[in-house]
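Here's a walk through one chain: a couple of sheets, some charged pairs and a pocket. Have the structure open and follow along.

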Amino acid sequence: MKNPNTHRGAALLILVFSFVFLIIVGRFLYIETTATVEGVDLKEWAEEIRTSSYQIDADRGKIYDKNGMVLAYDRPMYRLQAIVDPEYSANLENPKHVTDPEKVASKLAPILGLKESEMLKTIKNGQENERFQVEFGANGREISQEEMEKIKDLNLTGITFQEEAKRYYPNGVFASHLIGFARSQDGDIKGITGIEKQMQKYLKEKEGKISYERDKYGTKLLDPNQVMKEPDDGENVYLTIDQKIQTFLEDAMSQVDEQYSPEKIMAGVMDPDTGQILAMSNRPSYNPNDLGEVENWYNDLIAYPFEPGSTMKMFTWASAIEEGVYDGDELYKSGRYQVTENSSTIGDHNNGEGWGMISFNEGFQRSSNVAASILAYEKLGPDKFKKYLSDFHLNQKSGIDLPGEKTGSLVFDKPIEQITTAFGQGSTVAPIQLMTAATSIANDGKMMKPYILSKISSSKDGEIMKERSPEVIGEPISKSTASQVRDLMGQVVTSENGTGGKFKLDDFSLAGKTGTAQISKPGGGYMTGRENYTFSFMGMAPKDDPELLMYVAVQQPNLGNTEYGSDPVSHIVKTVMENSLHYLDIKPDEESQTKVSQVKLPDVTDLSVEKATSRLKEDFNRVEVIGQGSEVEKILPEPGSELIKNQRVMVITDQPTMPDLTGYSLRDVHRLAEYFGFNIETMGNGYVTKQSIAPGSEIKEEGYLVVELAPPES
């Protein structure tokens, strides 16, 4: 007979198992009915784990100069990885992981710039720690396509590459402060400085994505429910920068930087009729492709306010002329001036000795501080003078479309401050403020807003999305006043009393104003010594109708015993202005040339080469035949052009070959290069002494021509 406890135990177990069974069944029925576990939709979860997703890369927008030359773009780079997990090669006939670490290290270490022992240690540590793959730090990243293909040709098992986009600047230091740079942050490329930062919302790309369902073996299903989000490349940004003029500027600044080792150089070239910035650069500069050691992150032309010195006088004289209180022939006593009994005495730059009784016109030529003081304080009066400074926007930002612009401050409370501001001391301005104000003098009274962005176009179809137009932001002076000030600035360059004689151009009239600004010390007062100044020049050419406006400032150059502060500044101004005006095909207007009789170039393209040459030699002394053909393809310059007898005329035959360019002017070289479609690079100025394409060579379209120029021997 069974124990009653046994029956009770069995009954209890049956109840327990029945309860558990009911819970399991109930749970199963709940899951079956709702397809949900702890709030997770099982259907969605199943689709997710059997869905493959891939990112589709997109490109950041490109940055171009005004003529369509690429200044910044995304360049494919590669990250090298070594797979060290043997499981990756399971059941494979050919292994896909590193099977010979010694061989991999010996072959790759020299290419990557690593020690063989270090690379071998990295691979073996990965194997010992059962890692899937290892990388090799900075040496294994940003590998170029050429290096990647070279490594692939080694056929090393287990070595793979991951493609990554890197922002690339093909011209290195070219306009680097202006263009700025972008870098990868959390997988996205983001603009950090310059145009890259300013235009971030337009340049930024949006990655695409593709997803589809697969079976447990990874094979795409017949009905995969594929979803694709198309990638969206960033838009393309076009700047007002002209690659040729920017190159002229970069080359000239590099020469001065190497020869004089100044603390700073700031320079810009503008079209005064529109406000377009055609070139802008600073020294020290940097290469945005290599940010290892950067001395100066700031675009000093827009972000470095300083006491400008005598370039301010052009606005003092302009204000007095516009107000009707200026008589250029009126005499004043130069030398020293004291605005009040208790104020400091200011002096002219020749140690306060002055030049006796001279006219205000001569005072401008000689850059007299006393003349500026009298005009500002006695002729205009402080209130009116301050109003004109405001009208010239010297107390506000220019509004240029670049990040980081700073403005100086007008120190104008005391009488001594009011007169020192008149000749550029005490108060501070940024160079871009001076350039903006100077457009009114170059542009017949209309002051133009400076800008860098030309247009934004769609990366899909090239449609223009946004385009910038010139903007007049003020008219502080009249056309008549602007013309009078340009005449005075022209005398600064041409007069025997002028301070700008070193800046005279060979082929074009130049209006300009020199500046020699003292540099303030942190504790007060000014630095002393012949080199401790900021030497500058504001110029515009041709004088009567300026096509270019240029500002250059060189701070604390190392000068030789016989050198002056104007030497490094004038080298930049003359080189860039002369070359740029010729490049823009501006007609020379120097008096010596305008007095020479000119002859219209006849159209002889329908004649044989022999007859055409004979006809041209009747009027011109330098007729040159390009090639060995018998028929005339082209005459350069264009038929109908007005030329002087000594100007070069080129007869292009139907079988052209590369001519000997020795003695060619830069204008002639550009004319020839434009016709044949050469990509041209020039070094120096003057006349050609060397060329990269040998005379007599076959001419190839879009060839690359480098010429070296030098001034003629005296």
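Tyr-687 sits across from Ala-710 of strand E33. E33 covers residues 704–710 and pairs with E32 in the antiparallel sense, over 4 bridges. Strands pair here if DSSP finds at least two bridges between them, and the element names come from DSSP runs numbered from the N terminus (helices are H or I with at least four residues, strands are E with at least two). This is a predicted model, where local features need pLDDT of at least 70 and side-chain atom pairs count only at pLDDT 80 or more, while totals for chains, interfaces and linings use all residues. Residues are numbered from 1 along each chain as its sequence is written, and side-chain values use heavy atoms, with hydrogens and water left out.

Back to that sheet. The order is E31-E33-E32, an open arrangement of 3 strands with mixed pairing. At the edges are strand E31 (679–683) and strand E32 (687–691), each pairing on one side only. Neighbouring strands are turned by 35° against each other on average, direction ignored; axes are lines fitted to C-alpha atoms, for helices over the stretch in contact, and angles run from 0 to 180 degrees between N-to-C directions.

Another open sheet of 3 strands runs E27-E30-E28, again with mixed pairing. Strand E27 (622–626) and strand E28 (632–636) take the edges with a single partner strand each, so one side of each has no neighbour in the sheet. Here the average turn between neighbouring strands is 20°, direction ignored. E27 runs parallel to strand E30 (residues 648–653), and 5 bridges join them. Arg-622 faces Arg-648 in E30.

Arg-648 turns up again in a network of salt bridges, along with Asp-585, Glu-624, Asp-668 and Arg-671. A salt bridge means a side-chain nitrogen of Lys or Arg within 4 Å of a carboxyl oxygen of Asp or Glu, and by this rule the count comes to 23.

Asp-668 and Arg-671 are among the buried residues of H21. Helix H21 (residues 666–676) is mostly covered, with 9 of its 11 residues buried. Buried means under 20% relative accessible area, exposed means over 50%, and partly exposed is in between (1.4 Å probe, protein chains only). Right after H21 comes Gly-677, with a positive phi of about 75°.

Three other salt bridges are worth a click:

| Pair | Closest N to O distance |
|---|---|
| Asp-74 and Arg-167 | 3.1 Å |
| Glu-323 and Lys-384 | 3.0 Å |
| Asp-444 and Arg-486 | 3.3 Å |

What does the salt bridge between Asp-74 and Arg-167 look like? The side chains come to 3.1 Å, N to O. Asp-74 belongs to strand E5 (residues 70–83) and Arg-167 to strand E7 (residues 159–168), so the pair ties together parts 93 residues apart in sequence. Both Asp-74 and Arg-167 are buried.

For Glu-323 and Lys-384, the closest N and O atoms are 3.0 Å apart. Glu-323 is in helix H11 (residues 313–323) and Lys-384 in helix H14 (residues 382–391), so this pair ties together parts that are 61 residues apart in sequence. Glu-323 is partly exposed at 28% relative accessible area, and Lys-384 is partly exposed at 42%.

Asp-444 and Arg-486 form a salt bridge at 3.3 Å. Asp-444 lies in the loop between helix H16 (431–442) and strand E19 (447–448), while Arg-486 is in helix H17 (residues 479–494), 42 residues apart. Asp-444 counts as partly exposed at 31% relative accessibility, whereas Arg-486 is buried at 4%.

Gly-381 is in the loop between helix H13 (369–380) and H14. This glycine is buried, with a relative accessible area of 14%. Gly-381 and Gln-418 are 37 residues apart in sequence and 9.3 Å apart in space, C-alpha to C-alpha.

Finally, the second largest pocket holds about 1,200 Å³ of space. 39 residues line this pocket, and the closest to its centre are Ser-310, His-349, Thr-516, Tyr-533 and Phe-535. On a 1 Å grid over the protein atoms alone, a pocket is an open set of points where a 1.4 Å probe fits, with protein on both sides within 12 Å along at least five of seven lines, and lining residues have an atom within 4 Å of a point. The volume is the space filled by probe spheres set on the points, which are joined across faces, edges and corners. E23 gives the most to the lining, with 5 residues. By class, the lining has 11 nonpolar, 21 polar and 7 charged residues; Ala, Val, Leu, Ile, Met, Phe, Trp, Tyr, Cys and Pro count as nonpolar, Asp, Glu, Lys and Arg as charged, and the others, Gly among them, as polar.
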